[in-house]
Amino acid sequence: MSEMTLRRAHVSDHGTIVQCVRSWWGDSRTPEQARELSRLVPRLFLQFFSGTSLVLEDEDGIKAFLVGFHAADNDDEAYIHFVGVDPQLRGQGVGGRLYTAFFQRAAEAGRREVRAITSPANTGSVAFHRAMGFTVEPGDQEVGGVPVHSDYDGPGQHRVCFHRRIALQP
């Protein structure tokens with residue numbers, strides 16, 4: 001594996017990130033489902049949160065990305081909205097590198113907690129978040145033994161909600 005460089009995202013990355021989502025999730029979804037998933041990363045996230053979003057790339061292009069932001073309504077929280085890792089690099093610490101960099105930058109900005117969500121069907125994501133030190137928030141029901149918040153993203157769109165405390169940087 002070639003050396004990857006971590007950098008903040010740019011609005012010019014949007015088209016590539018959308019193509020990455022469609023390609024990287026194409027092995028587990030129909031083309032229409034992958035296209036629908038890519039709609040979770042609209043251009044506005046990179047227009048308004050590029051400073052808190054991250055890209056890992058090598059000479060061949062983007063290999064992983066994290067779209068996240070600091071809460072506008074309070075000074076304590078940050079949120080990780082969407083993360084993608086090239087399937088050939090999964091399980092090699094790439095996602096952890098993105099999360100760790102996001103935690104550090106959030107702490108430097110005075111944030112004390114990071115939040116994230118995932119679908120209860122995404123058992124790999126649930127396990128990853130737990131391994132990264134996130135706690136699953138109590139929900140109003142369980143799906144597959146995992147607490148979920150019913151209808152979080154609309155009717156039938158249950159979500160596992162995570163939070164993780166981070167240490168403030170001096």
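How many of the 10 residues of β3 are buried? Nine of them are, so this strand is largely enclosed by the rest of the structure. Keep that in mind as you browse the close-ups below, which come from a predicted model.

**View 1. The whole sheet, strand by strand.** Let us start with the overall layout. Seven strands make up an open sheet with mixed pairing, and their order is β1-β2-β3-β4-β5-β9-β6. At the edges stand β1 (5–8) and β6 (135–136); each has a single partner strand, so one side of each lacks a neighbour in the sheet. Strands of a sheet pair through backbone hydrogen bonds, in either a parallel or an antiparallel sense. Helix α1 (residues 14–24) packs on this sheet, where it touches β3 (61–70) and β4 (77–85). The direction of α1 makes about 110° with that of β3.

**View 2. From the edge inwards: β1 and β2.** Here you can follow the pairing of β1 with β2, which is antiparallel and runs over four bridges. To find your place, look for Arg7, which stands opposite Val55 in β2. Strand β2 (residues 54–58) is itself mostly covered, with four of its five residues buried.

**View 3. The hairpin between β2 and β3.** Moving on along the chain, a hairpin of two residues connects β2 to β3. The two strands run antiparallel and are joined by five bridges. Two pairs make handy landmarks here. Leu54 has Leu66 in β3 as its bridge partner, while Leu56 sits opposite Ala64 in β3.

**View 4. The hairpin between β3 and β4.** On the other side of β3, the connection to β4 is a hairpin of six residues. Seven bridges hold the pairing of β3 and β4, again in the antiparallel sense. A good pair to pick out is Phe69 and Tyr79: Phe69 stands opposite Tyr79 in β4.

**View 5. Strands β5 and β9 side by side.** Which strand does β5 pair with over six bridges? Its partner is β9 (residues 160–165), and β5 (residues 113–118) meets it in the antiparallel sense. Glu113 faces Arg165 of β9 across this pairing.

**View 6. Helix α4 and what it hides.** Helix α4 spans residues 94–108, which gives it 15 residues. From first C-alpha to last it reaches 21 Å, close to the 21 Å expected at 1.5 Å a residue. Its buried residues include the aromatic side chains of Tyr99, Phe102 and Phe103. Val94, Gly95, Gly96, Leu98, Ala101, Ala106 and Ala107 are buried in α4 as well. After the helix comes Gly110, which has a positive phi, near 90°.

**View 7. Leu89 in the loop before α4.** Leu89 belongs to the loop between β4 and α4. Is Leu89 buried or exposed? Its relative accessibility is 10%, so Leu89 counts as buried. If you trace from here to His149, you cover 60 residues in sequence and 31 Å in space, C-alpha to C-alpha.

**View 8. Ser150 in the loop before β9.** Ser150 lies in the loop that separates β8 (146–148) from β9. With a relative accessibility of 23%, this serine counts as partly exposed. Which residues does Ser150 contact, leaving aside its neighbours within four places in sequence? They are Asp140, Gln141 and His158. Ser150 and Leu98, a residue of α4 seen in View 6, are 52 residues apart in sequence and 29 Å apart in space, C-alpha to C-alpha.

**View 9. Two cysteines.** For anyone thinking about thiols, here are Cys20 and Cys161. Cys20 is buried, with a relative accessible area of 9%. Cys161 is buried too, at 5%. The structure holds zero disulfides.

**View 10. The annotated domain.** To finish, this view takes in the stretch that UniProt lists, in an unreviewed entry, as "domain: N-acetyltransferase", residues 4–153. Over those residues the chain is 33% helix and 28% strand. The C-alpha atoms at the two ends of the stretch are 34 Å apart.

How values were computed
Residues are numbered from 1 along each chain as its sequence is written. This is a predicted model: local features need pLDDT of at least 70, side-chain atom pairs count only at pLDDT 80 or more; totals for chains, interfaces and linings use all residues. Side-chain values use heavy atoms; hydrogens and water are left out. UniProt positions are given in the numbering used here, feature names are shortened, and annotations may be inferred rather than shown by experiment. The expected span of a helix is 1.5 Å times one less than its number of residues. Buried means under 20% relative accessible area, exposed over 50%, partly exposed in between (1.4 Å probe, protein chains only). A disulfide is a pair of cysteine sulfur atoms within 2.5 Å. Two strands pair if DSSP finds at least two bridges between them. Contact means heavy atoms within 4.5 Å. Axes are lines fitted to C-alpha atoms, for helices over the stretch in contact, and angles run from 0 to 180 degrees between N-to-C directions.
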